[in-house]
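Take a look at the model below. We will start with a pair of helices and work outward from there.

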Amino acid sequence: MTTDGAPARGVRVVVYGVGAMGAIVTRLLVDRGADIVGAIGRSPEKVGRDLGEVAGLGRTLGVLVEADPRLVLSRGADIAVVCVGSYLDKMQSHFALCLEHGVNVVTIEEETVFPWTTAPDHAAALDELARANGVTLAASGAQDVFWLNHVTTLLGASHRVDRVAGRCVWNVDDYGPEVAGHLFVGQSGDAFAQHVASKGWPEFVARQTLEAMVASLGLTVKSIKSDVEPVLANSPVLCRSLGHEIQPGHLIGTIDWTEIATEEGPQFALEMKGCVYGEGDADCNHWQVCGEPDMELRNEGVSYRFTTCSTLVNRIPDVIRARPGLMSLDKLGPPGYKHGALRI
Ligand SMILES: NC(=O)c1ccc[n+]([C@@H]2O[C@H](COP(=O)([O-])OP(=O)(O)OC[C@H]3O[C@@H](n4cnc5c(N)ncnc54)[C@H](OP(=O)(O)O)[C@@H]3O)[C@@H](O)[C@H]2O)c1
């Protein structure tokens, strides 16, 4: 039963973007009994083919990947699971289309985790559009459990927090070319330096994650410092995601860093390293809390590639039930395991 007494039913989902993440999400949705009512893609290699084949499931699903989002969304759905890009400049129009069609959105797009300061105009417009159409836009992914809620839950055991500092490492090759592109993988160190000097660095993950953390703790941002540095190849490195070798002196990733001071006192810092892994590299999620008491949180073998997608799928019922609007991650409530078939 739902909260209004109606019998629970299955979820009608559109898969929006069938890249590395969209393919895993498709497999998890099928496992969880979701009714996949449409799929949206871009490249001629994918459009017109069955979603099950494009996602590598080894069987058809009877759902074609289509290029026209309007057509797919106009057939109706409860929610679109969007795995396409990372910044609202690119994603605003995709999200707006879903919302205009009365379709909720859950996405792994990074800026929507906390878009209010880095993309305030897009955030306000999408919030208004979602409210007007009675639906919700929210982001999940690795930020949701490992980089935000895991840490804020730990802070529930603090008597006093002076400083919270995180260090996360993930493999560019676990994701598709979209991610490698954001991190300038394959570009020369000089080209990257010139780009950052002339155009600045569009903060990728660390800033939005920390801002969501500060907001969820009810604290007030006093100042924000962010920086980025390239991770350069010392010898030729094969990047599987791009399908070619990266030459010495060229980027295999970046280290994105943000520090926030709050009016109330506690400080927050996050170093986010995304790079093409070499031998011995492994996913890491490590947080230190200085205060009373000092505490530490360490997850080894997180498998961000998989848990990004499993967290996203577990969020589907939460997002459908959430109040209409753009719900940044600080407002969405704690994530949780949803056993078996997804029902709403
Ligand atoms: N929050 C997190 O934890 C998290 C984790 C991983 C990734 N991400 C983000 O999620 C995004 C996807 O990652 P990924 O590894 O799946 O990248 P990917 O393999 O490059 O996939 C991106 C997909 O978006 C599709 N696409 C691009 N423009 C499109 C358009 N206009 N219409 C329809 N489809 C379009 C591409 O289609 P074609 O293949 O047809 O070109 C591709 O399938 C990235 O921005 C990444 O940064 C977030």
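The axes of α6 and helix α9, residues 206–216, come within 10 Å of each other and cross at roughly 35°. The crossing is right-handed. Keep in mind that this is a predicted model. Two numbers suit this kind of pair, since packed helices are described by the angle between their axes and the distance between the axes.

Which residues make the contact? From α6 come Gln143, Trp147, Leu148, Val151 and Thr152. From α9 come Thr209, Ala212, Met213 and Ser216. By class, the contact of α6 with α9 has 5 nonpolar and 4 polar residues. It has no charged residues.

Next, the sheet. It is open and has 6 strands, in the order β8-β11-β12-β7-β13-β14. The pairing is mixed. β8 (221–232) and β14 (295–300) stand at the edges. Each has a single partner strand, so one side of each is left without a neighbour in the sheet. From one strand to the next, the twist averages 10°.

One pairing can be followed in detail. Strand β7, residues 160–171, runs antiparallel to strand β13, residues 284–292. The two are joined by 9 bridges. Within this pairing, Arg163 stands opposite Cys290 in β13.

Now step back to the whole chain. It is divided into domain 1 (12–140 + 315–331) and domain 2 (143–302). Their C-alpha centres lie 24 Å apart. The contact between them takes 17 residues from domain 1 and 18 residues from domain 2. On the side of domain 1 that touches domain 2, the count by class is 6 nonpolar, 7 polar and 4 charged residues.

Where does the ligand lie with respect to the two domains? Domain 1 and domain 2 both give residues to the shell around the ligand, so the ligand lies between them. There are 27 residues around the ligand. Gly19, Ser43, Gly141, Gly176 and Glu178 come nearest. Three elements give two or more residues to this shell: α1 (20–31), α6 (142–155) and α7 (177–182). α7 gives the most, with 4 residues. By class, the shell has 11 nonpolar, 12 polar and 4 charged residues.

That brings us back to the starting helix. α6 gives residues to the shell around the ligand, and α6 also passes α9 in a right-handed crossing.

Note on methods. Residues numbered from 1 in each chain as written. Predicted model: local features only at pLDDT ≥ 70, side-chain atom pairs only at ≥ 80, totals over all residues. Near = placed C-beta within 6 Å. Nonpolar A, V, L, I, M, F, W, Y, C, P; charged D, E, K, R; others polar. Domains from an automatic or database assignment. Axes fitted to C-alpha atoms, helices over the stretch in contact; angles between N-to-C directions. Left-handed = near helix turned anticlockwise from the far one by under 90°. Contact = placed C-beta atoms within 7 Å. Pairing = 2+ DSSP bridges.
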